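Please read the numbered points below with the sequence and the 3D view side by side. Each point takes up one topic, and the terms are explained where they come in.

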Amino acid sequence: MKKDIVADVDSSTQSCKVILRHIETEEILALARAPHPPTTPPCSEQDPQAW
């Protein structure tokens, strides 16, 4: 059975979130979140290599 899946990706200043949804029903199939490492001093910019 073929599933049509779309990935929602949100990379903000504090974390990166990914949600996999069925494209027609919008059912959530998977959800994951990973925080970005803290910066010193705190700032909104992150080093992309840290992601």
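1. The protein chain has zero helices and three strands, where helices (H or I, at least four residues) and strands (E, at least two) are DSSP runs, numbered from the N terminus. Read along the sequence, these elements give the pattern β-β-β.

2. A word on the source: this is a predicted model, in which local features need pLDDT of at least 70 and side-chain atom pairs count only at pLDDT 80 or more, while totals for chains, interfaces and linings use all residues. Residues are numbered from 1 along each chain as its sequence is written, and side-chain values use heavy atoms, with hydrogens and water left out.

3. For the chain as a whole, 8% of the 51 residues count as buried; buried means under 20% relative accessible area, exposed means over 50%, and partly exposed lies in between (1.4 Å probe, protein chains only). The accessible surface of the protein chain is about 4,300 Å², and 56% of that belongs to carbon and sulfur atoms; such areas come from the Shrake-Rupley method with a 1.4 Å probe, and for residues only the protein chains shown count as cover. Among contacts (heavy atoms within 4.5 Å) between residues at least 6 apart in sequence, 11% join residues at least 24 apart.

4. How are β2 and strand β3 (residues 28–35) joined, and in which direction do they run? Seven bridges join them, and the two strands run antiparallel; two strands are said to pair if DSSP finds at least two bridges between them. Within this pairing, I19 stands opposite L31 in β3.

5. The strands β2 and β3 form a hairpin with five residues between them, and the loop between these strands holds E26. This residue deserves a careful look, since E26 has a positive phi of about 65° although it is not a glycine. With a relative accessible area of 54%, E26 is exposed.

6. Just after this loop, I28 is found in strand β3, and its relative accessibility of 46% makes I28 count as partly exposed. If neighbours within four places in sequence are left aside, I28 is in contact with I19, L20 and R21. The C-alpha atoms of I28 and I5 are separated by 9.6 Å, although these residues are 23 residues apart along the chain.

7. How many salt bridges does a search of the whole structure find? The search finds two, a salt bridge being a side-chain nitrogen of Lys or Arg within 4 Å of a carboxyl oxygen of Asp or Glu. As general background, side chains of opposite charge can pair when their charged atoms come close.

8. One of these salt bridges is formed by the side chains of D8 and R21, at 3.0 Å from N to O. The pair links distant parts of the chain, with D8 in strand β1 (residues 5–11) and R21 in strand β2 (residues 15–22), 13 residues apart. Both partners count as partly exposed, D8 at 32% relative accessibility and R21 at 24%.

9. A salt bridge also joins K17 and D10, whose closest N and O atoms are 3.7 Å apart. Here too the partners are partly exposed: K17 has a relative accessible area of 28%, and D10 has a relative accessibility of 39%.

10. Is H22, which lies in strand β2, buried or exposed? H22 is buried, because its relative accessible area is 16%. A polar atom of the H22 side chain lies 3.1 Å from the backbone nitrogen of E24, and the backbone nitrogen of T25 lies 3.2 Å from a polar atom of the same side chain, that of H22. Residues up to four places away in sequence not being counted, H22 touches D4, E27 and L29.

11. Finally, a nonpolar surface patch of about 370 Å² is made by I5, V9, V18, L20 and L29. Patches are made of residues with over 30% relative accessible area and no salt bridge, like charges being joined within 9 Å and nonpolar side chains (Val, Leu, Ile, Met, Phe, Trp, Tyr) within 5 Å. The elements that give two or more residues to this nonpolar patch are β1 and β2. One of its members, V18, is found in strand β2 and counts as partly exposed, at 30% relative accessibility.

Notes: A polar contact is a pair of N or O atoms within 3.5 Å; within protein, one must be able to donate a hydrogen and the other to accept it, and residues adjacent in sequence count only if both atoms are side-chain atoms.
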